[in-house]
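Notebook open, viewer running. I'm jotting down what I look up as I go.

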Amino acid sequence: MAWSTAHRALIALANQWLPEPEPTRVLGIDETRARSVRWVLEEAGWTRSNPWMTSFGA
């Protein structure tokens, strides 16, 4: 069985058992450093990689 088939079956059953969720009143946005700063050698020379990850939560 494919993962997508199992997922659709789970969603269908969950919709029968679970109540409608409350509306979202507040949306949180969080910026987190994904890893440490690194220097990358490219054709134009050294560039700084400063990776950040933005997350949304309710």
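Leaving aside its neighbours within four places in sequence, which residues is Asp-30 in contact with? I get Met-53, Thr-54 and Ser-55, taking contact as heavy atoms within 4.5 Å.

Ground rules before I go on. This is a predicted model, where local features need pLDDT of at least 70 and side-chain atom pairs count only at pLDDT 80 or more, while totals for chains, interfaces and linings use all residues. Residues are numbered from 1 along each chain as its sequence is written, and side-chain values use heavy atoms, with hydrogens and water left out.

**Confidence.** I checked pLDDT, the predictor's confidence in each residue on a scale from 0 to 100. The protein's mean is 89, and 100% of its residues reach 70 or more. Helix H1 (residues 3-17) has the highest mean among the elements, 95, and strand S4 (residues 52-57) the lowest, 84. My elements are DSSP runs numbered from the N terminus: helices are H or I with at least four residues, strands are E with at least two.

**Asp-30, continued.** Asp-30 lies in strand S1. It counts as partly exposed because its relative accessibility is 44%; buried means under 20%, exposed over 50%, and partly exposed in between (1.4 Å probe, protein chains only). I also took its C-alpha separation from Asn-15: 30 Å, with the two 15 residues apart along the chain.

**Ala-14.** Ala-14 is in helix H1 and is partly exposed, with a relative accessible area of 21%. Its C-alpha is 24 Å from that of Phe-56, and 42 residues separate the pair along the chain.

**S2 and S3.** These strands run antiparallel and are joined by 5 bridges; pairing takes at least two DSSP bridges. A hairpin links S2 to S3 through 2 residues. I looked up Val-40 and found Thr-47 as its bridge partner in S3.

**Ser-49.** Is Ser-49 buried or exposed? Ser-49 counts as buried, because its relative accessibility is 18%. It sits in strand S3 (residues 45-49). Not counting residues up to four places away, it touches Arg-35, Ser-36, Val-37, Arg-38 and Val-40.

**Val-37.** One of those contacts of Ser-49 is Val-37, so I followed it up. Val-37 is in the loop between strand S1 (28-33) and strand S2 (38-42), and it is partly exposed because its relative accessibility is 31%. Together with Trp-39, Leu-41 and Trp-46, Val-37 makes a nonpolar surface patch of about 490 Å².

Notes. Patch = residues over 30% accessible without salt bridge, like charges linked within 9 Å, V, L, I, M, F, W, Y side chains within 5 Å. Areas by Shrake-Rupley, 256 points an atom, 1.4 Å probe, with all protein chains shown as cover. Salt bridge = Lys/Arg side-chain N within 4 Å of Asp/Glu carboxyl O.
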